Amino acid sequence: MSADLKVPTHIAFIIDGNGRWAKKRGLPRNAGHKAGFNNLKRIVKHCFELGIKYVSIYAFSTENWNRPKSEIDGLIDIFRKEFKKENFVQDYPDVKLNIMGDYHKFPDDLVNNADQVIKETAHNSECVLNIGINYSGKDELVYAINRIIKDGIKTVDRSVVDNYIYTAGQPEPDFIVRTSGEQRLSNFMLWQCAYSELYFPDTLWPDFNKKELLKALKEYNNRNRRFGAIKEEK
């Protein structure tokens with residue numbers, strides 16, 4: 001990696017293509033999800049090693065409840081394993097876990113595991129891993145609005161909303177990557193993505209390796225982020 005290659009402060013991934021990866025290999029979809037979550041750990045580790053401080057993952061949307069029960073059960077089993085305190089702390093040392101979404105809709109044991117990890121990692125300051133499960137960008141805004149109303153706040157500006165969303169206190173994603181070639185956000189981080197750079201590689205998520213990550217970051221470096229202004233030519 002080039003020493004002058006700038007990395008984003010916050011990168012987000014829509015991890016798409018696990019099912020298609022499995023189908024290409026004649027495997028059940030849940031095998032693709034397992035491969036995807038194994039790859040997730042590798043990619044998140046690479047991101048932190050490269051100096052990226054915030055990583056967000058879209059792992060399970062509110063719409064994913066419409067999938068076959070066997071697939072949902074398989075994903076829940078994966079979440080159970082990933083959110084066990086000993087597993088998370090081993091996989092992501094000194095990383096703070098933040099869950100985006102109403103994860104209390106999941107079985108009690110999974111919720112308890114997640115609560116323990118959140119509590120255990122609350123004071124970690126090195127990096128933050130945001131995982132969206134039972135997540136919806138629109139529902140996040142409804143969640144924030146209801147909390148604002150409950151707290152009796154009468155005048156609302158952007159900074160107020162920033163303080164009530166799931167990623168309160170964090171910088172917005174600089175770079176959003178959706179694998180598998182699909183070119184849409186699918187209800188992901190709608191408030192936070194206003195000025196995010198978007199990247200849509202054809203690579204299926206389980207195949208998105210460190211080489212693909214570096215390729216993505218080189219593309220990010222080629223983007224001209226003006227935030228509505230005009231950069232003067234030198």
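F60 in strand β2 has I133 of β4 as its bridge partner. The model is predicted, and this contact belongs to a set of seven bridges that join β2 to β4 (residues 127-135), with the two strands running parallel. The points below cover the sheet, helix α2 and the cysteines.

**The sheet**

- Six strands form an open sheet in the order β3-β4-β2-β1-β5-β6, and the pairing is parallel.
- From one strand to the next, the twist averages 20°.
- The edge positions are taken by β3 (95-100) and β6 (197-199); each has a single partner strand, so one side of each is left without a neighbour in the sheet.

**Strand pairs and their registers**

- Strand β2 (residues 54-61) is mostly covered, with eight of its eight residues buried.
- On one side, β2 pairs with β4 through seven bridges; the F60 and I133 partnership gives a point of register for this pair.
- Strand β2 also pairs with β1 (residues 10-14), through five bridges and again in parallel.
- For the β1 and β2 pair, A12 can be used to place the register, since its bridge partner in β2 is S56.
- Strand β4 is joined to β3 by six bridges, and these two strands run parallel.
- In that pairing, V95 has C127 of β4 as its bridge partner.

**Helix α2 and the residue after it**

- Helix α2 covers residues 29-49, which is 21 residues.
- At 1.5 Å a residue the helix should span 30 Å, and its end C-alpha atoms are 30 Å apart, so the expected and computed values agree.
- Just after α2, G51 adopts a positive phi of about 100°.

**Cysteines**

- A disulfide is a covalent bond between the sulfur atoms of two cysteines.
- With a cut-off of 2.5 Å between cysteine sulfur atoms, the model has zero disulfides.
- C127 is in no disulfide: the nearest cysteine sulfur belongs to C47 and is 9.8 Å away, a distance that does not come within the 2.5 Å cut-off.
- C127 is buried, because its relative accessible area of 4% is under the 20% limit.
- C193 is likewise in no disulfide, and the nearest cysteine sulfur, that of C47, is 19 Å away.
- C193 has 14% relative accessibility, which is also under 20%, so C193 counts as buried.

Notes:
Residues numbered from 1 in each chain as written. Predicted model: local features only at pLDDT ≥ 70, side-chain atom pairs only at ≥ 80, totals over all residues. Heavy atoms only, no water. Helix = DSSP H or I, 4+ residues; strand = E, 2+ residues; numbered from the N terminus. Expected span 1.5 Å × (residues − 1). Buried < 20%, exposed > 50% of the residue type's maximum accessible area, 1.4 Å probe, protein only. Pairing = 2+ DSSP bridges. Axes fitted to C-alpha atoms, helices over the stretch in contact; angles between N-to-C directions.
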